[in-house]
Each structure stands twice: as C-alpha cells, then as structure tokens.
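Biologist: I would like a close look at one short stretch of this chain, starting from a single loop and then following its surroundings outward. Please take it slowly, as I am still learning how to read a structure of this kind.

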Amino acid sequence: MHRSKLFNLLTVYEPEFEEEKQAKKLMLDFLKTNSNYFERSLQLGHFTGSAWIINYDNSQFLLTHHKKLNTWLQLGGHADGDSDIIAVAMKEAYEESGLTSLELASSEIFDIGVHEIPEYKGVPSHYHYDVRFLLKVTNSSDKIHISDESNDLKWFTFPPTNNKDVNRMYSKWRK
C-alpha cells in the first residue's frame, strides 16, 4: 500500500464522531503536505497502525497498559517505512499480544485518532496519526503474552480508562 491507498481508505471512511471528523481532515492534510509520513524520522509526526482486538466470541476486547505512556490503550505502533497500514496494525497486534489466530474483521477503517506523544528519552514531542482496524481472535485457546512494551495486557468487558479514543472504540464495538 502506498500513499494513494491510505488516502483512499481515509477518503471513504465516514466518521460519525466529531473528533474523528477533525482527525480525518488532519490526516488528509498531513498526507498532502508531507513525505516520509510512514517513518519515525519525520519528527513532526508519522502514521501508526493499531488494532481494536476482540475475542473469539465477541464478549471482550484487549488492551495493553503501555509502558511509555502509562495508560491503557489499543495495541499498535509505528509503520517504520511500511506503507501498508493494515499490515502494520496486524504486525503490531501480533507482536504486542502474542496471539497467533488474529484475523482482520474488516479491511475498512474502524477508528482514527491524532494524538501528541510527549518527549521521551531524547525523542522530541510529535504526533501519531493513528489508523485503527478491527481484529478478531479466531481460536478460543489462543493465549496472550505480554510484550516488552507493556506493563500489562488484559481482556476487558468495559474500559478501565477515561481515554476518549478507547471509550469511543468501545462504543462502536458495542453497537
């Protein structure tokens, strides 16, 4: 996937929430005015791929307690030059959860968000333009494994945080 495919994914995405409408505009503008937007080296910001992961019977969702940000979030991360944002979300979900039976529930965008990442260990503050997809675990015996990037990893039935993006994704999933 290159710029035009991400641009098309974003263009056809119809957010219902105001904060996502604003994020969509920011993302499309960011794509038009920058290059190397899949690389961490773009210090202004870069695209990331994330996943809202649901269990095999659609009764729970998975969150990670992120070490660096010290909060519960969906799993995801940097594209590191990979322009296939769906593949990025899948790769990050697998790496951060250890789940081997993940399946893309839809190739359409599930949610989007733009958020500022604070300065950390000499890396200046910057923005993540996060594109999120819905993934489902297909094997009920598949087990999670905490990665080095997490303090914890748990299945939930209700969000353990006031994070507006997590709560919005929860609301969408419950519909």
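Modeller: Start with N70, which sits in the loop that joins strand 2 to strand 3 (71-73), and keep in mind throughout that this is a predicted model. Most residues other than glycine have a negative phi. N70 is not a glycine, yet its phi is positive, at about 55°. With a relative accessibility of 54%, N70 counts as exposed, because the cut-off for that word is over 50%.

A useful companion is N58, found in the loop between strand 1 (45-54) and strand 2 (61-66). N58 also has a positive phi without being a glycine, in this case about 60°, but its relative accessible area is 33%, so N58 is described as partly exposed.

On either side of N70 in the sequence come residues that lead us to the pockets. L69 and L73 are among the residues nearest the centre of the largest pocket, together with H115, I117 and H128. That pocket has a volume of about 740 Å³, and 40 residues line it. By class, its lining is made up of ten nonpolar, 14 polar and 16 charged residues. Strand 6 (residues 111-117) contributes the most to this lining, with six residues.

K68 takes us to the second largest pocket, where it belongs to the lining along with R40, Q43, H46, H78, Y120, V123, P124 and H126. The space in this second pocket is about 180 Å³, and its lining divides into three nonpolar, four polar and two charged residues.

Two of those lining residues, H46 and H78, let us go further. H46 is touched by Y127, a residue of strand 7 (residues 126-137). Apart from residues up to four places away in sequence, Y127 also touches L44, G45, V114, H115 and E116, so H115, already mentioned near the centre of the largest pocket, appears here again. Y127 has a relative accessibility of 34%, and is therefore counted as partly exposed. Although Y127 and L42 are 85 residues apart along the chain, their C-alpha atoms are separated by 9.9 Å.

H78, for its part, is in contact with E92, which also contacts G49, G76 and G77 when neighbours within four places in sequence are left aside. E92 lies in helix 3 (residues 85-97) and counts as buried because its relative accessibility, 6%, falls under the 20% cut-off. The buried residues of helix 3 are I85, I86, V88, A89, E92, A93, E96 and S97. Looking down the axis of helix 3, these buried residues fall within an arc of 160°, so they line one face of the helix.

The length of helix 3 can be checked too: at 1.5 Å a residue, its 13 residues should span 18 Å, and its end C-alpha atoms are indeed 18 Å apart, which agrees. After helix 3 comes G98, with a positive phi near 75°. Then, in the loop between helix 3 and strand 5 (102-104), we reach T100, which is exposed because its relative accessibility is 61%.

Key
Residues are numbered from 1 along each chain as its sequence is written. This is a predicted model: local features need pLDDT of at least 70, side-chain atom pairs count only at pLDDT 80 or more; totals for chains, interfaces and linings use all residues. Side-chain values use heavy atoms; hydrogens and water are left out. On a 1 Å grid over the protein atoms alone, a cavity is a set of points where a 1.4 Å probe fits but cannot get out, and a pocket is an open set with protein on both sides within 12 Å along at least five of seven lines; lining residues have an atom within 4 Å of a point. Grid points are joined across faces, edges and corners, and a volume is the space filled by probe spheres set on the points. Helices (H or I, at least four residues) and strands (E, at least two) are DSSP runs, numbered from the N terminus. Ala, Val, Leu, Ile, Met, Phe, Trp, Tyr, Cys and Pro count as nonpolar, Asp, Glu, Lys and Arg as charged, and the others, Gly among them, as polar. Buried means under 20% relative accessible area, exposed over 50%, partly exposed in between (1.4 Å probe, protein chains only). Contact means heavy atoms within 4.5 Å. The expected span of a helix is 1.5 Å times one less than its number of residues. The arc is that of the directions from the helix axis to the C-beta atoms.
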